[in-house]
Protein chains: 2
Amino acid sequence: MSTAEETTGGETSGWGEVTPDAARRLLIAAVEAFAERGYHATTTRDIAGRAGMSPAALYIHYKTKEELLHRISRIGHEKAVEILRTAARGEGSATERLADAVSSFVRWHAGGRTTARVVQYELDSLGPDARAEILALRRQVDAEVRGIIEDGLTTGEFDVLDVQGTTLAVLSLCIDVARWFNVNGPRTPEEVGALYADLVLRMVGAKR
Amino acid sequence: MSTAEETTGGETSGWGEVTPDAARRLLIAAVEAFAERGYHATTTRDIAGRAGMSPAALYIHYKTKEELLHRISRIGHEKAVEILRTAARGEGSATERLADAVSSFVRWHAGGRTTARVVQYELDSLGPDARAEILALRRQVDAEVRGIIEDGLTTGEFDVLDVQGTTLAVLSLCIDVARWFNVNGPRTPEEVGALYADLVLRMVGAKR
DNA sequence: GGCCACGCTAAGCGCCCGCTCAGCTTCAGC
DNA sequence: GCTGAAGCTGAGCGGGCGCTTAGCGTGGCC
C-alpha cells in the first residue's frame, strides 16, 4: 500500500494541471454536477452557476458541453492508468503488487467517488472519436492488471484458469465501487481497499 | 444451475404480466431506448416511435415518462429477488446454493443486459418515493445472498472475515456484468456465469 | 494617457423537450 | 342503426435547452 496520493484535499483535488483558474473551476463544477445528476440531466447553466459564472462564460474555455466531459474523462483515465502502472511496476512479488494495485485503485474509486463515477459511467455520452480515445486508455488499464496476474502464474504464486476473464472480473469489482460507495457509510476507502485486496488474492488463488 | 428461464425468447421476453398489448410494446420500447441512451437522453417521441405510435399514445397508458422507468425498475427488481430466492432456498449445500445463485444472477445480467442495465443503473433517475420502494427490494436481494454466506459459515463450508462486505462485493461483481457484457463478445452468458460462480466460491473460501 | 486584448455578462436565438387536448376511428351492446 | 367507451392521432403549448453575439470593464504596455 504505497500509492495513496488520491484522497488528500477532498474531492476537488487532482485538477492542478487544468489552467487557467476559471477553466479549472468550471471543470470541477462539471464533475460534481455530472456525478450527481448524470451528463444528460446536467445543464450548462447549472455548471456555470456552480462555478459562479454566467452560462456564456463556459464557452470561452470549452467549445461544447461534451468537451468538458471529454477532458474530465481523459484526465481521470490517465490517473487510473498511472495508479495501476505504479503498483504493477513496483518491486514486490506478484502477490504484493496485485494487492497494492487493487487497494490503491479501490481507494481512488471510493475516495474520489465523484470523479470516478463520471469517468467510469458516462463513457457512452461521448461521441465516437472521444470514446475511441478513452477506450485505448482502458485497454492500458486492463493490460497492467493482466500483466500482474500473468507474472503470478509464471512464478507459481497464483492459480488462475481464465486469465482474461479473471482480469475483467477484478477490474469490474474495483470499478463498481464508484457506484455503491457512500461517503457517509460505515466503511472508509482504506477499509474497502484492504477488504478488496484480500478478496482479489482469494480470486487468483494466491498462496499465503 | 437450475433456474434458467431468463434468456428464452430474446431480450423482449419477461414482460408477459404487462397488459394491454400497447402498454407492453411501449414498455419494451422504453427499456431498449433507456438501455441504449440512458433515461434522460431518451425522448418520449423516441419511445412512442419505436412502439409504432404517436407521442400522445404514451400518455394513455402511462402518466409520465418517469412512470415507465418506475414500472420497468420494479418488475426487474422483483425478477432479481425471485432468481436469488429460488437459488438461496434450494436444496443443496451452501456451496451449491451460492454457485447456483451467482451463476443464474450473472446469466440474467448478461443475457438480459438491456433490461438489467436500466434496472441497475437508472435508479437515480427515479423520484424519492419510487426510489425508496426500489431500495426496499434491493435490501431483499442483499439479504438472500448474505443468508447463503451465513449458512456456509455455520456449516463450516466457508471462511469469510467480513460477511456484509463480502456480500456487497459478490453482488457488486454480478451487477457490474450488465455494464461490460457484450452480446457480440467472446463469452456466452453461461460461460460468464460459470466463471463467476468459481470466482465467488474462491472469495468465500469454499472448501472443494 | 491612449489603446487594445482578454475575460466576462445580458440578452436572446432556434430548437426540441414533456406533455395536453380536441377530435377521429373502431367496436361492443342493444 | 345508434350510442358511448376506448384507443389513438395531429397539432401545438409553454418552457428550458445548448449555444451565440454585442458590448462592457479592467489591467498591461508603450
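## The interface between chains A and B

Chain A and chain B bury about 2500 Å² between them, and 54% of that area lies on carbon and sulfur atoms. On the chain A side, Arg179(A), Arg202(A) and Met203(A) lose the most area to chain B, together accounting for 24% of what that side buries. Please keep in mind as you read that this is a predicted model. The contact draws on 30 residues from chain A and 30 residues from chain B.

## Charged and polar pairs across the interface

Now to the pairings. Between chain A and chain B there are 6 salt bridges. In one salt bridge, the side chains of Arg117(A) and Asp124(B) meet at 3.2 Å, N to O. The interface also holds 10 residue pairs in polar contact, counted with both residues at pLDDT 80 or more.

Which helices of chain A build this side? At least two residues each come from α6 (113-121), α8 (163-175), α9 (177-180) and α10 (189-203) of chain A. The biggest share is that of α8(A), which gives 8 residues to the side touching chain B. By residue type, the side of chain A that touches chain B divides into 13 nonpolar, 7 polar and 10 charged residues.

## The surface around DNA strand D

Turning to the nucleic acid, 16 residues surround DNA strand D, and the closest are Thr43(A), Tyr59(A), Ser54(B), Ile60(B) and His61(B). The residues of this surface comprise 7 nonpolar, 6 polar and 3 charged. Of the strand D atoms within 4 Å of the protein, 50% belong to sugar or phosphate, with the rest belonging to bases.

Several polar approaches involve phosphate oxygens of DNA strand D. A polar side-chain atom of His61(B) lies 2.6 Å from one such oxygen. Chain A uses its backbone here: a polar backbone atom of Thr44(A) is 2.9 Å from a phosphate oxygen of strand D, and a polar backbone atom of Thr42(A) is 3.2 Å from a phosphate oxygen of that strand. The elements giving two or more residues to the surface near DNA strand D are α2 (44-50) of chain A and α3 (58-61) of chain B.

## A look at Pro20(B)

Pro20(B) sits in the segment before α1 (21-37) of chain B. Is Pro20(B) buried, exposed or partly exposed? Its relative accessibility is 46%, so Pro20(B) counts as partly exposed. Pro20(B) and Val204(B) are 184 residues apart along the chain, and their C-alpha atoms are separated by 45 Å.

Note on methods: Residues are numbered from 1 along each chain as its sequence is written. Chains are lettered from A and ligands numbered from 1 in the order in which they are written. This is a predicted model: local features need pLDDT of at least 70, side-chain atom pairs count only at pLDDT 80 or more; totals for chains, interfaces and linings use all residues. Side-chain values use heavy atoms; hydrogens and water are left out. A residue is near a molecule or strand if one of its heavy atoms lies within 4 Å of it. A polar contact is a pair of N or O atoms within 3.5 Å; within protein, one must be able to donate a hydrogen and the other to accept it, and residues adjacent in sequence count only if both atoms are side-chain atoms. Helices (H or I, at least four residues) and strands (E, at least two) are DSSP runs, numbered from the N terminus. Ala, Val, Leu, Ile, Met, Phe, Trp, Tyr, Cys and Pro count as nonpolar, Asp, Glu, Lys and Arg as charged, and the others, Gly among them, as polar. Buried means under 20% relative accessible area, exposed over 50%, partly exposed in between (1.4 Å probe, protein chains only). Contact means heavy atoms within 4.5 Å. Buried area is the accessible area (1.4 Å probe) that two parts lose on being put together, summed over both. A salt bridge is a side-chain nitrogen of Lys or Arg within 4 Å of a carboxyl oxygen of Asp or Glu.
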